[in-house]
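Subject: Structure for you to look over

Dear colleague,

I am handing over the structure we spoke about, together with some notes on what was found in it. Please open it alongside this message, so that you can follow each point by eye.

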Amino acid sequence: MRLILALILPWLVFFTIGRPIAGIICLILQITVLGWIPAAIWAVYALSQYKTDQKIKKAML
């Protein structure tokens with residue numbers, strides 16, 4: 001679900017993973033038409049990093 005959200009509304013993904021400052025920066029980038037693609041790529045990358053961090057935390061406990 002978050003992956004689809006990362007492609008449609010990249011800035012919102014950052015708010016769902018607890019990174020509001022990055023979400024605001026991504027929103028500013030997304031406002032430009034040319035910035036949509038980099039914003040979506042950045043959101044997908046951040047989402048994959050978040051999932052990896054969650055797996056590491058789970059493994060450590």
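The notes below go through one helix, the aromatic pairs, the nonpolar core and one exposed residue.

Please keep in mind throughout that this is a predicted model.

Helix α3

I would begin with α3, which runs over residues 20–31. Its 12 residues should span 16 Å at 1.5 Å a residue, and since its end C-alpha atoms are 16 Å apart, the expected and computed values agree. The buried residues of this helix are Ala22, Gly23, Cys26 and Gln30. Seen down the axis of α3, these buried residues fall within an arc of 100 degrees, and therefore they line one face of the helix. The face turned away from that buried side carries the exposed residues Ile21, Ile28 and Ile31, while what covers the buried residues includes α1 (2–8), α2 (10–16) and α4 (36–60).

Gln30 deserves a separate look, as a glutamine that counts as buried because its relative accessibility is 6%, under the 20% that sets the limit for that class. Leaving aside residues up to four places away in sequence, Gln30 touches Ile8, Leu9, Pro10, Trp11, Gly35, Trp36 and Ala39.

Aromatic pairs

The structure holds two aromatic pairs. One of them joins Trp11 and Phe15 in an edge-to-face arrangement, with 6.0 Å from centre to centre and 80 degrees between the planes. These two residues are four residues apart in helix α2, which means that about one helical turn separates them. Trp11 is partly exposed, with a relative accessible area of 24%, and Phe15 is likewise partly exposed, at 38%.

The other pair is made by Phe14 and Trp42, whose ring centres are 4.7 Å apart and whose planes stand at 50 degrees, so this pair is tilted. It links distant parts of the chain, given that Phe14 lies in helix α2 and Trp42 in helix α4, 28 residues apart. As for their surroundings, Phe14 counts as buried, at 0% relative accessibility, whereas Trp42 counts as partly exposed, at 27%.

The nonpolar core

Which residues make up the largest nonpolar core? There are 10 in all, namely Ala6, Val13, Phe14, Ile17, Ala22, Cys26, Ala39, Ala43, Ala46 and Leu47. At least two residues of this core come from each of α2, α3 and α4, and α4 gives the most, with four residues. As background, nonpolar side chains tend to be buried together in soluble globular proteins. Within this core, Ala46 touches Phe14, Ile17 and Arg19, again not counting residues up to four places away in sequence; of these contacts, Phe14 and Ile17 are themselves listed in the core.

An exposed isoleucine

Lastly, is Ile37 buried or exposed? This residue has its place in helix α4, and its relative accessible area of 56% makes it exposed, because the limit for that class is over 50%. The C-alpha atoms of Ile37 and Leu7 are separated by 8.6 Å, although the two residues are 30 residues apart along the chain.

With best wishes

Note on methods
Residues numbered from 1 in each chain as written. Predicted model: local features only at pLDDT ≥ 70, side-chain atom pairs only at ≥ 80, totals over all residues. Heavy atoms only, no water. Buried < 20%, exposed > 50% of the residue type's maximum accessible area, 1.4 Å probe, protein only. Contact = heavy atoms within 4.5 Å. Expected span 1.5 Å × (residues − 1). Arc of directions from axis to C-beta. Phe/Tyr/Trp six-rings, centres within 6.5 Å; stacked < 30°, edge-to-face > 60°. Core = buried A, V, L, I, M, F, W, Y, C linked by side-chain atoms within 4.5 Å.
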